[in-house]
Amino acid sequence: MCEYTYENGRKCRLKALEGSQYCALHIPYEEGERLFGDEIRHIKEETFLKRLKSGQTYFEGVYLYEVKISDFRAKKPIVFKNSHVKTLLFDDVSIPGLTFYNSSAGRIVVFGSEVGTLLVHGSRIFGLNILRVKFSNSIYIKDSSVRYFMLNSTEYIGKAEKGEEEYGERKTATGRIELANLRDVRRIGINVRYPLMKRLLEEHGIKISSSAERTVKATALVLRDVQFDQSARFKRQVRLSVRHFHGQIVLENLHVFGHAEVLGGRIKIPEFVHVTVMGNFIFRRVSFYGDATWNVTVLPHLPLELNVEGFVVVEECRFNNPRMSEIFYRIARTSWERNGDLERADEYYYLEMVAKRHARLTARVRGLKKALLKLEGIFEWLFADLTCKYGTDWKRPILLWLAAVNIFFPLLFFLTKSVQGLSGTMGFFDYEYFSVVTATTLGYGDYHPVGVGRAIASVEALFGMFMWAVFLTVFARKYMR
């Protein structure tokens, strides 16, 4: 009999291998290779699959090489405890749970399967890959060393608990993908391309079609107390990549030694608590959604909780309320200002001011105050946005001035015939000349307005002085700060 003793004090009942005191599952790598050479790989795999098909799903202290579990159904969770596995591949399995506890593995791949709860705790794994998986409870990766974590086309298919919803709580009891207290992490990727994984699956007879790729859907994606490998060679790489994710994102006590990106997807009520990104943080083609409670409690503190040493890029993103877009654009603007790129900072400043204006217009007020806010918004758009994009575009005042003075106002004078001169006949160029003289407030006296032309000339004179003042202010701000 095998001499391996479980933690509960019982001994393994399997027959020991010839020349050893351990069975095929519990014999260590070195001893097995010394006694049986490469044949020990097949012996271990055959024994494991045989025990699995016989109904055993709890494995403690086992040593395995490459094991593929394919087309398997079970009513009990599969548990690995105090075990050592080189490569563990699940293909088309349906199990209520998969637990990897206090164990080590080179690579774990769960592909095209349905799992209730996936738990990794106190383990050491080089690569953990979850591809095209449907889970009905949660995915927890905690208190472990995981070098690479990849999660693609995975979807939560369960139903959230309704008890907490009745008291106004968010639905976070189930459907969570949580990575907490991890160390030695080199990369976390959600829906990222992994060519080596495709090659590995094809070697095991699994063909992957790119057309089957889907978004990752979960109630919440939580990354808490994750320690990234701080080797210099990873400093310039993208360490955290979240692409096409639908759900809530919570980043807490996170220090990303490198770059981070969130691309595509629908992000609900994101939370950043004590987050530092040493490189750049990129948000591109993301739809952000926040509720009323989140807007009051989380959003105002976002600039303080999220610290990005590099640049923050916010491109082609959508926000369900202007206050949220204002905060994100402000974070981006301050990052570019801090790093000396004032040209790009001005772009985000303009977007921030537009969002701030929309936030005022959408404020919940009624009556006279609402009407005054709308008038203020129209005035701000006309004199601050349309003329110079809130002081960030010095070319726009010039173009507006040239178009108005050389085309618009001369055309008004021409159509109304409201300018008289020393000569009896007036051509279009005479009206244009009068328009330029009026806009620059020269007033030579050879032409003068009559009738409605006086009102038009007065407006043009005010417009000309205002636009020159705008141009000088914007030009000075642009090139002298």
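This passage walks through the strand pairing, aromatic contacts, salt bridges and a surface patch of one structure. The model is a predicted one.

The strands offer a convenient place to start. Strand β4 (residues 84–101) and strand β6 (residues 114–121) pair in the parallel sense, with 7 bridges, and threonine 99 has leucine 119 of β6 as its bridge partner. Strand β6 in turn pairs with strand β8 (residues 134–152), again in the parallel sense and over 7 bridges; here glutamate 114 is matched with lysine 134 in β8. Strand β7 (residues 124–131) takes part in two parallel pairings: one with strand β5 (residues 104–111), over 7 bridges, and one with β8, over 7 bridges. In the pairing with β5, phenylalanine 111 has leucine 131 of β7 as its bridge partner, while glycine 127 stands opposite tyrosine 148 in β8. How much of β7 is enclosed by the rest of the structure? Of its 8 residues, 6 are buried, so the strand is largely enclosed.

Turning to the aromatic side chains, the model holds 33 aromatic pairs. In one of them, the ring centres of phenylalanine 48 and phenylalanine 59 are 4.6 Å apart and the planes meet at 45 degrees, so this pair is tilted. The contact links distant parts of the chain, as phenylalanine 48 belongs to helix α2 (residues 39–53) and phenylalanine 59 to strand β1 (residues 58–60), 11 residues apart. Both phenylalanine 48 and phenylalanine 59 are buried. A further pair joins phenylalanine 80 and phenylalanine 100, with centres 5.8 Å apart; its planes are at 45 degrees, so it is tilted as well. Because phenylalanine 80 lies in strand β3 (residues 78–81) and phenylalanine 100 in β4, this pair ties together parts that are 20 residues apart in sequence. Phenylalanine 80 and phenylalanine 100 are both buried.

Ring pairs also build a cluster, which includes Phe272, Phe281, Phe283 and Tyr348. Two lysines sit over ring faces: lysine 389 is 4.8 Å from the ring centre of tyrosine 350, and lysine 417 is 4.1 Å from that of phenylalanine 414.

Among charged side chains, the count of salt bridges comes to 20. Arginine 224 takes part in a salt bridge with glutamate 178, at 2.9 Å from N to O. That pair connects strand β12 (residues 216–228), which holds arginine 224, with strand β10 (residues 176–185), which holds glutamate 178, across 46 residues. Arginine 224 is partly exposed at 22% relative accessibility, whereas glutamate 178 is buried at 7%. Arginine 224 also meets glutamate 252 in a salt bridge of 3.1 Å, N to O. Glutamate 252 lies in strand β13 (residues 238–256) and arginine 224 in β12, so parts 28 residues apart in sequence are tied together. Glutamate 252 is partly exposed, with a relative accessible area of 23%.

A helical example is the salt bridge between arginine 357 and aspartate 385, whose closest N and O atoms are 3.1 Å apart. Arginine 357 is in helix α7 (residues 342–361) and aspartate 385 in helix α8, 28 residues apart. Arginine 357 is buried at 7% relative accessible area, and aspartate 385 is buried at 5%. Elsewhere, salt bridges that share partners join Arg323, Glu326, Arg330, Arg333, Glu337 and Glu352 into one network.

Finally, a nonpolar patch on the surface is formed by Phe379, Trp381, Leu382, Phe383, Leu386 and Phe466, with about 530 Å² of accessible area together. Helix α8 (residues 368–388) gives the most to this patch, with 5 residues. Leucine 382 is found in that helix and is partly exposed, at 36% relative accessible area.

Notes: Residues numbered from 1 in each chain as written. Predicted model: local features only at pLDDT ≥ 70, side-chain atom pairs only at ≥ 80, totals over all residues. Heavy atoms only, no water. Phe/Tyr/Trp six-rings, centres within 6.5 Å; stacked < 30°, edge-to-face > 60°. Helix = DSSP H or I, 4+ residues; strand = E, 2+ residues; numbered from the N terminus. Buried < 20%, exposed > 50% of the residue type's maximum accessible area, 1.4 Å probe, protein only. Lys NZ or Arg CZ within 6 Å of the ring centre and 35° of its normal. Pairing = 2+ DSSP bridges. Patch = residues over 30% accessible without salt bridge, like charges linked within 9 Å, V, L, I, M, F, W, Y side chains within 5 Å. Areas by Shrake-Rupley, 256 points an atom, 1.4 Å probe, with all protein chains shown as cover. Salt bridge = Lys/Arg side-chain N within 4 Å of Asp/Glu carboxyl O.
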